[in-house]
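Colleague: I've got a model open and a few things to ask about it. Mind going through them with me?

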Amino acid sequence: DGTKTQHGFASLFDTGSGLGLIWLDGRAMKPGVGPDDEGTGDMGLRSARFDRGWKQLSESAVDLRVCECCPTATAVTTDGAILAYRNRSADEVRDIYVSRFTGEGWTVPAVVHNDGWTIDGCPINGPALSANARHVAVAWFTAPTDEGHAFVAFSEDAGRTFSTPVRVDDTGSLGRVGVEQLPDGTAVVGWIELAGKSAAFKVRRVDRHGQRSAAVLVADMSERRNSGYPRLARQGQELVFAWTGGRDLPRVQTAIARI
């Protein structure tokens, strides 16, 4: 759009005939005049679609006021694409919302769960999505009582409604979640567990009825608790993990686990 404002935290999705893109868009924001001036205006969430030849087919606004720098997430169901992001209400409630692409456009965003997290600033902690047919799993971080926790919720109607959230951390969490659905209908959720001064990248399996497996340690992150955004992905019968590790020289490290 030509404005010298933030455009980032993008997520991609397959449209079936090309590529879809969502991103945080700052075209309505005006920069501040000094180092302590954050400026004015609202961060928006926008979407665009492209054909296989990279021709842009559309661009539209999904939500005109969202959290300024929380990553976005997308997935594709048999009913179409779904996106998740952290919203921002007029009174600074920043809960996780979803919107679905129907072919006519994006639906009115709906809250996944009313956490009621009021925070005057961006936590830089976005949601994660995974879809299998009409089954959707969404994971996120929230801290409405100043105690951080990670949750996952399930949908069986392509994201129109979601189940009661299931807490995935044991003691506390720094968030930075990931989620992948498995063929048996369960989901593997990843998060950074926080217990005192210790931090660790952990995963566990959660089913749609709220049953949780024991947590599995992927990596100790105590030396890098304030940096690193772990990722997980499924390829066939394997789960692939990636995270930032190392004490003196940060490195991207990986591991694989059989399902």
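**Pocket, sheet and cysteines**

Modeller: Sure. Keep in mind that this is a predicted model. The largest pocket has a lining of 28 residues, and nearest its centre lie Ala-128, Leu-129, Val-179, Glu-180 and Leu-232. Its volume is about 520 Å³.

Colleague: Which element gives the largest share of the lining of the largest pocket?

Modeller: Elements that give two or more residues are β5 (73-77), β9 (128-132), β13 (173-181) and β17 (231-235). The largest share is six residues, and the strand they come from is β13.

Colleague: How many residues of that lining are nonpolar, and how many are polar or charged?

Modeller: Four are charged and nine are polar. The nonpolar ones number 15.

Colleague: Now the open sheet: which strands stand at the edges?

Modeller: Four strands make up this open sheet, paired antiparallel in the order β9-β10-β11-β12. An edge strand has a single partner, so one side of it is left without a neighbour in the sheet. That describes β9 and β12 (166-167).

Colleague: Which residue in β10 does Ala-128 stand opposite?

Modeller: β9 and β10 (residues 135-142) run antiparallel and are joined by five bridges. Opposite Ala-128, in β10, stands Ala-139.

Colleague: And the cysteines: is Cys-69 buried or exposed?

Modeller: Buried means under 20% relative accessible area. Cys-122 has 21%, so Cys-122 is partly exposed. Cys-69 has 19%, so Cys-69 counts as buried.

Colleague: How many disulfides does the structure hold?

Modeller: A disulfide is a covalent bond between the sulfur atoms of two cysteines. For this structure, the number of disulfides is zero.

Notes:
Residues are numbered from 1 along each chain as its sequence is written. This is a predicted model: local features need pLDDT of at least 70, side-chain atom pairs count only at pLDDT 80 or more; totals for chains, interfaces and linings use all residues. Side-chain values use heavy atoms; hydrogens and water are left out. A disulfide is a pair of cysteine sulfur atoms within 2.5 Å. Buried means under 20% relative accessible area, exposed over 50%, partly exposed in between (1.4 Å probe, protein chains only). On a 1 Å grid over the protein atoms alone, a cavity is a set of points where a 1.4 Å probe fits but cannot get out, and a pocket is an open set with protein on both sides within 12 Å along at least five of seven lines; lining residues have an atom within 4 Å of a point. Grid points are joined across faces, edges and corners, and a volume is the space filled by probe spheres set on the points. Ala, Val, Leu, Ile, Met, Phe, Trp, Tyr, Cys and Pro count as nonpolar, Asp, Glu, Lys and Arg as charged, and the others, Gly among them, as polar. Two strands pair if DSSP finds at least two bridges between them.
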